[in-house]
Amino acid sequence: MKKTIHVQVNHKNYEIVCHPAKTVLDVLREDLDFTASKECCGKGECGSCTILLNGEIVCSCLILAGQIEGKKIVTCEGIGTSSSMDAVQQAFVDEGATQCGYCTPGFIVAAHAFIRKVDHLPTEDEIKTALGGNLCRCTGYTKIIKAVEAAARKTLEKKSILNK
Ligand code: FES
Ligand code: FES
């Protein structure tokens, strides 16, 4: 039986009517037209569906609509737009860190969540650990890691934690 669910997505409140066992990934894509998050494995293994749920990264393919009543979701669309990109999004463009793009929105959400918390320029190993739940079959990861490092540097400079 369908249920009415109240949820905030990308800073706007929504009321949706759907089956509580529908995945949040499908709710985002089919009911709310936020199509950045992608379904690759559908099993919590690839990270292409990564979103922020109440500020924490989760795989939206593993969360059900019945679990999000009253919660806040942010997808790649809520992090920045093409006319006003977040530091991570801009760095992915600048470093050429995307190829087919299927993994990119998930990486951007995970990297954004990581960079928000760092208080020093992260090492390559710290970046790899932070992005350990996200898989990419195209890039070989080198440019993704460079992009995350560049975005972290920019963010820390902005907060005056690092000198320019
Ligand atoms: S589609 Fe959700 S982790 Fe792969
Ligand atoms: S760019 Fe193709 S899967 Fe990452």
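Which residues have the most contacts inside the largest nonpolar core?

## The nonpolar core

In this predicted model, the residues with the most contacts inside the largest nonpolar core are V88, I108, V109, A110, A111, V148 and A151, and the core as a whole has 45 residues. Helix α4, which spans residues 104-117, gives the most to this core, contributing seven residues. Because domain 1 (3-78) and domain 2 (87-158) both give residues to the core, it lies between them. In general terms, nonpolar side chains in soluble globular proteins tend to be buried together.

A151 can be followed further through its contacts: leaving aside residues up to four places away in sequence, A151 touches A87, V88, A91, A111 and I115. Of the residues named for their contacts inside the core, V88 and A111 are thus also partners of A151.

## The two domains and their contact

The protein is divided into domain 1, covering 3-78, and domain 2, covering 87-158, and the centres of the two, taken over C-alpha atoms, are separated by 22 Å. The contact between them takes 14 residues from domain 1 and 11 residues from domain 2. On the side of domain 1 that touches domain 2, strand β3 (residues 50-53) gives the most, with three residues, and the residues of that side divide into eight nonpolar, five polar and one charged.

## Helix α1 and its cover

Within helix α1, which runs over residues 24-31, the residues V24, L25, V27 and L28 are buried. Seen down the axis of α1, the buried residues fall within an arc of 170 degrees, so they line one face of the helix. What covers these buried residues includes β1 (3-9) and β2 (12-18). Just after α1, the backbone at D33 takes a positive phi of about 65 degrees.

## Pairing of strand β1

The strands β1 and β2 run antiparallel and are joined by seven bridges, with V9 standing opposite K12 in β2. The hairpin that these two strands form has two residues between the strands, and in this hairpin N10 takes a positive phi near 50 degrees.

β1 also pairs with strand β5 (residues 72-74), here in the parallel sense and over two bridges. In this pairing V9 stands opposite I73 in β5, so that V9 has a partner both in β2, namely K12, and in β5, namely I73.

Conventions: Residues are numbered from 1 along each chain as its sequence is written. Chains are lettered from A and ligands numbered from 1 in the order in which they are written. This is a predicted model: local features need pLDDT of at least 70, side-chain atom pairs count only at pLDDT 80 or more; totals for chains, interfaces and linings use all residues. A nonpolar core is a set of buried Ala, Val, Leu, Ile, Met, Phe, Trp, Tyr and Cys residues joined through C-beta atoms within 7 Å. A residue is buried if 20 or more other C-beta atoms lie within 10 Å of its own, exposed if 12 or fewer, and partly exposed in between; C-beta atoms are placed from the backbone. Helices (H or I, at least four residues) and strands (E, at least two) are DSSP runs, numbered from the N terminus. Domain bounds come from an automatic or database domain assignment. Two residues are in contact if their C-beta atoms, placed from the backbone, lie within 7 Å. The arc is that of the directions from the helix axis to the C-beta atoms. Two strands pair if DSSP finds at least two bridges between them. Ala, Val, Leu, Ile, Met, Phe, Trp, Tyr, Cys and Pro count as nonpolar, Asp, Glu, Lys and Arg as charged, and the others, Gly among them, as polar.
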